[in-house]
Amino acid sequence: MRQHKEKYYKKLQKLLAGGFFICGIIPILIIAITSVYNSRQVAIQDIQGNASQIIVHQRDVINNFLKHQIDLLNTLINLFPPDDFSNIDTLDRLFLAASKSGAIVDLQTIAASGRQLAYVGPYREQVTGKQYTDQPWFREVLERSVYVSDIFSGYRNLPHFVVALTDPLKSYVLRATINSSAFNSLLHRAQVGTHGDAFIVNTTGALQTPSLQRAEAITEPERKLIRHHSGAEVVQLGNTIYATTWLDNGKWLLMFKVYIPDMLTAYYDHRQHTLLIILATASFFLAIAYYFSRLFVARIAGTDRETAVMDQQMAHIEKMANVGRLAAGVAHEINNPLQMIMAQIGWLEELLPEEEPEALKNYDEYVTTINKMKHHVERAAVITHRLLGFSRKIRAEQEPVETNALVEETLSFLQKEAEHNNIKVNLHLDPDLPATITEGHRLQQVLLNLIDNALDAVGHDGQVDITTSSTEQSINIQVVDNGPGISSEVMKQIWNPFFTTKEQGKGTGLGLSISQNIIQSLGGNIEAANRTEGGSVFTITIPLRQLTHHD
């Protein structure tokens, strides 16, 4: 039963600790998760805002670069006559002036008929004598006067793009090949993060500049982003944010990619700090949950023990009541034959004097025997009378109690045990001790337990002293023995239920606990102490309540 209780308390403690912990940590987790989620969303919004700002800036840089090349060619056309562009030497001087920035690779003049007039640059052998009439870019520049091509290989067999302008009369075309490396370097500054990328595609999705991540072509989801829109557009696809904007020529789309995890360093720091806080908080709540669950289970266990004590006490009271009823019945049945025996003895006493003493050889023996019979019958009657007094039903009603008489009556039940063990019991009863209103039978139960414990403590050839005294407020009863006394370890537990120093089977450990409860319920107090000369002393103090005229 005890092991079952221990298992129950351990299980209950675990359930309570788990409940306290969960109730405490769940709000913290909700707040932490919400904070981490909001932090990530804010970080993504910041990334989107930065991506939009970067792509707009890069768009302006690229547009300015292309515009600068167009303005440069347009300035040359306006400053020099058409014949100068057909002269190799003049065109070479113009090329040296125009290519100082490193953006222009070569300079070429083409007649309106498509025939090359002059060329200055590193690809002279590849383009000498070429006819451009059938080239789409050539026809387009004649139609629009200004043309910026896609990236293509052409006669040079190297990726490049051209910027071409015609003179006002469209008699020739001035064409410049743009250094793609210089152009591509404009995008390198747009890379954000290790996995970020920036490139330009045309309307068909073909890469016009190399991918910074060395991608050979754009993906299908990226191809779906090629749609005409004004300004910058920011879209999130999975863990990647795309920012797109069209360049001024309307043929190229600048695409900027940001891999979100690359940009969440601050978020990761915040998440790590939050996790540490959660772990610290969880440890704190776990300790609190363990402490309170242990405290509550200890209270529950204490309540269960008190209930068990009360059950034991009630069972003991019920047992005593049953024994009392049985003893009362036995005493009553014995009283009837005792009365008959006493009547017959009285009849013999009346008849015996009528006989002739000289005729009865053993007359004196008969008289002596009758007197002995009468003495022992009277003694038996006294015993049954005491038994009836002790075993009558215990009531919760208070009545006047003569404490000295109660002590003497209680001692009479243990007198034979004291004589058998040669224990001397000394009574020091105050002859002027007043009667008090209390529950005499419950007080007698306490006295019976204390005197019995004192006899057990002294063993053989010992001594027990019982003293009564009074003050204006109380009645005091002391039970003193000259036994071994009470050790400090035992003194700490002496009033605990089920604690006993007696051998197994000779005590339940409930006597002193019940006695303390009884005395406290009577409004008094009971104390235990050791005497300096050896032995122990138990002191009972109960309130002095005397009868009044009103009572």
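This passage describes strand pairing, aromatic contacts and burial in a predicted model.

The strands are considered first. Five strands form an open sheet in the order 2-1-5-4-3, and their pairing is antiparallel. The edges of this sheet are strand 2, which covers residues 116-120, and strand 3, which covers residues 146-148, each of them pairing on one side only. From one strand to the next, the twist averages 15°. Within the sheet, strand 1 (residues 104-111) and strand 5 (residues 172-178) are joined in the antiparallel sense over seven bridges, and Ala111 stands opposite Tyr172 of strand 5. Strands of a sheet pair through backbone hydrogen bonds, in either a parallel or an antiparallel arrangement.

Aromatic contacts were examined next, and a search of the whole structure finds eleven aromatic pairs. One of these is formed by Trp137 and Tyr147, whose rings are stacked, with 6.5 Å from centre to centre and 25° between the planes. This pair links distant parts of the chain, since Trp137 belongs to helix 5 (residues 136-144) and Tyr147 to strand 3, the two being ten residues apart. Both partners are covered: Trp137 is buried, at a relative accessible area of 5%, and Tyr147 is likewise buried, at 8%. The ring of Trp137 has a further partner in Arg175, whose charged end sits over that ring at 4.7 Å from its centre.

A second pair is made by Tyr291 and Phe292, and it is classed as edge-to-face because the planes of the two rings stand at 75°, with their centres 5.3 Å apart. Here Tyr291 is exposed, with a relative accessible area of 52%, whereas Phe292 is partly exposed, with a value of 33%. Tyr291 and Phe292 also belong to one aromatic cluster, together with Phe20 and Phe296.

Strand 6, which spans residues 197-202, is mostly covered, and six of its six residues are buried. In a regular strand, side chains alternate between the two faces of the sheet. In strand 6, Asp197, Phe199 and Val201 point one way, while Ala198, Ile200 and Asn202 point the other way, and all of these residues are buried. Strand 6 runs antiparallel to strand 9 (residues 252-259), to which it is joined by six bridges. Among the residues of strand 6, Ala198 has Phe256 as its bridge partner in strand 9.

Conventions: Residues are numbered from 1 along each chain as its sequence is written. This is a predicted model: local features need pLDDT of at least 70, side-chain atom pairs count only at pLDDT 80 or more; totals for chains, interfaces and linings use all residues. Side-chain values use heavy atoms; hydrogens and water are left out. Two strands pair if DSSP finds at least two bridges between them. Helices (H or I, at least four residues) and strands (E, at least two) are DSSP runs, numbered from the N terminus. Axes are lines fitted to C-alpha atoms, for helices over the stretch in contact, and angles run from 0 to 180 degrees between N-to-C directions. Rings of Phe, Tyr and Trp (its six-membered ring) pair if their centres lie within 6.5 Å; planes under 30 degrees apart count as stacked, over 60 as edge-to-face and the rest as tilted. Buried means under 20% relative accessible area, exposed over 50%, partly exposed in between (1.4 Å probe, protein chains only). A charge sits over a ring if NZ of Lys or CZ of Arg is within 6 Å of the ring centre and within 35 degrees of the ring normal.
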